[in-house]
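Reader: Could you pick one spot here and give me a close look at it, then work outward to whatever else deserves attention? Keep it casual, but I'd like the numbers.

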Amino acid sequence: MKKGVFLVVLFSMLMSCSSSKKVVKTSNKPISKADKIVTNALKYQGVRYKFGGTTTRGMDCSGIVYVAFGEENVQLPRISRDMAKAGKKVSLKKVKKGDLLFFKTSKTRRRINHVGLIVSVKKGVIRFIHSTTSRGVIISSLSEKYWKKAFVKAIAIL
């Protein structure tokens, strides 16, 4: 008998909880091309590094940028040093979501060899998605000492 009463009370509590309505406020702001490109790139977060890779089986840094833009019909060169020649140079104070960051990370070669796609700029903190040989596709911050030191330039494609 006690079990039956307990089940009736539990059932009524669950039903009363499910009958409440949540109001979800949505923005009427249209989704920008930069938002779509960043969303495309974020789908690959956690994918392992693979030199020359452009699929979920493996990606390199320029591969993720190339694919994310390509999915929105924006054609870019395939390698980072050529991507760095496209678009318009932008100061770090004026970068925005969807812009690209370029780096020199090699100790032996003194040219651009790495690229990242800016996913957010909040209170001066620039976060970007890229692929590293050790951790695959990740999000990093330009305020990290390593990336700040290796930074070369930012460009706007859109």
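Author: Let's start with Lys 123, which counts as exposed at 86% relative accessibility. Bear in mind that this is a predicted model. Lys 123 sits in the loop that links β5 (114-122) to β6 (125-132). Its phi is positive, about 50°, although Lys 123 is not a glycine. That is worth a second glance because most residues other than glycine have a negative phi.

Now go back along the chain to Asn 73, another non-glycine residue with a positive phi, near 60°. Asn 73 also belongs to a loop, the one between α3 and α4 (80-83). With a relative accessibility of 68%, Asn 73 is exposed too, since the cut-off for that label is over 50%.

From that loop, step back into α3 itself, where the picture is one of burial. Of the 10 residues of α3, 8 are buried, so the helix is largely enclosed by the rest of the structure. The buried set runs Cys 61, Ser 62, Gly 63, Ile 64, Val 65, Val 67, Ala 68 and Phe 69.

Who is α3 packed against? One partner is helix α2: the axes of α2 (residues 33-42) and α3 (residues 61-70) come within 8 Å and cross at roughly 130°. The two helices are therefore oblique to each other. As for handedness, the crossing of α2 and α3 is right-handed. On the α2 side, the contact uses Ile 37, Asn 40 and Ala 41, and on the α3 side Ile 64, Ala 68 and Phe 69.

Val 67 is another residue of α3 to click on. Its relative accessibility is 13%, and it counts as buried because the limit is under 20%. Setting aside residues up to four places away in sequence, Val 67 touches Tyr 44, Thr 54 and Met 59. Measure across to Ala 41 and you'll find 7.7 Å between the C-alpha atoms of Val 67 and Ala 41, with their positions 26 residues apart in sequence.

Keep Tyr 44 and Met 59 on screen, and add Val 137, which lies in strand β7 (residues 136-141). Val 137 is buried, at 1% relative accessibility. Its contacts, again leaving out residues up to four places away, include Tyr 44 and Met 59, along with Ile 64. The rest of that list is Gln 45, Gly 46, Val 47, Ile 129, His 130 and Ser 131. So which α3 residue ties this together? Ile 64 does: it helps make the contact with α2, and it also touches Val 137. For a longer reach, look from Val 137 to Gly 58: the two are 79 residues apart along the chain, and their C-alpha atoms are separated by 8.9 Å.

Two alanines further along are good places to stop next. Ala 150 lies in helix α5 (residues 145-150) and is buried, with a relative accessible area of 7%. It touches a run of neighbours in space, Phe 102, Phe 103, Lys 104 and Thr 105, with residues up to four places away not counted. Between the C-alpha atoms of Ala 150 and Thr 105 there are 5.7 Å, though 45 residues separate the pair along the chain.

Ala 156 is in strand β8 (residues 151-156). Its relative accessible area is 12%, and it is buried. Beyond residues up to four places away, Ala 156 touches Gly 87, Lys 88, Val 90, Lys 96 and Asp 99. Lys 88 is 68 residues away from Ala 156 in sequence and 5.2 Å away in space, C-alpha to C-alpha.

Zooming out, the chain has 5 helices and 8 strands, in the order α-α-β-β-α-α-β-β-β-β-β-α-β. Buried residues account for 37% of its 158 residues. Of the contacts between residues at least 6 apart in sequence, 52% join residues at least 24 apart. The accessible surface comes to about 10,700 Å², and 57% of that belongs to carbon and sulfur atoms.

One caution on confidence. The mean pLDDT is 87, with 82% of residues at 70 or more. Residues 5-23, though, have pLDDT below 50, and that stretch has 0 contacts in the model beyond near neighbours in sequence. Where pLDDT is low, the predicted coordinates should not be read in detail.

How values were computed. Residues numbered from 1 in each chain as written. Predicted model: local features only at pLDDT ≥ 70, side-chain atom pairs only at ≥ 80, totals over all residues. Heavy atoms only, no water. pLDDT = per-residue confidence, 0-100. Contact = heavy atoms within 4.5 Å. Helix = DSSP H or I, 4+ residues; strand = E, 2+ residues; numbered from the N terminus. Buried < 20%, exposed > 50% of the residue type's maximum accessible area, 1.4 Å probe, protein only. Areas by Shrake-Rupley, 256 points an atom, 1.4 Å probe, with all protein chains shown as cover. Axes fitted to C-alpha atoms, helices over the stretch in contact; angles between N-to-C directions. Parallel < 35°, antiparallel > 145°, perpendicular 65-115°, else oblique. Left-handed = near helix turned anticlockwise from the far one by under 90°.
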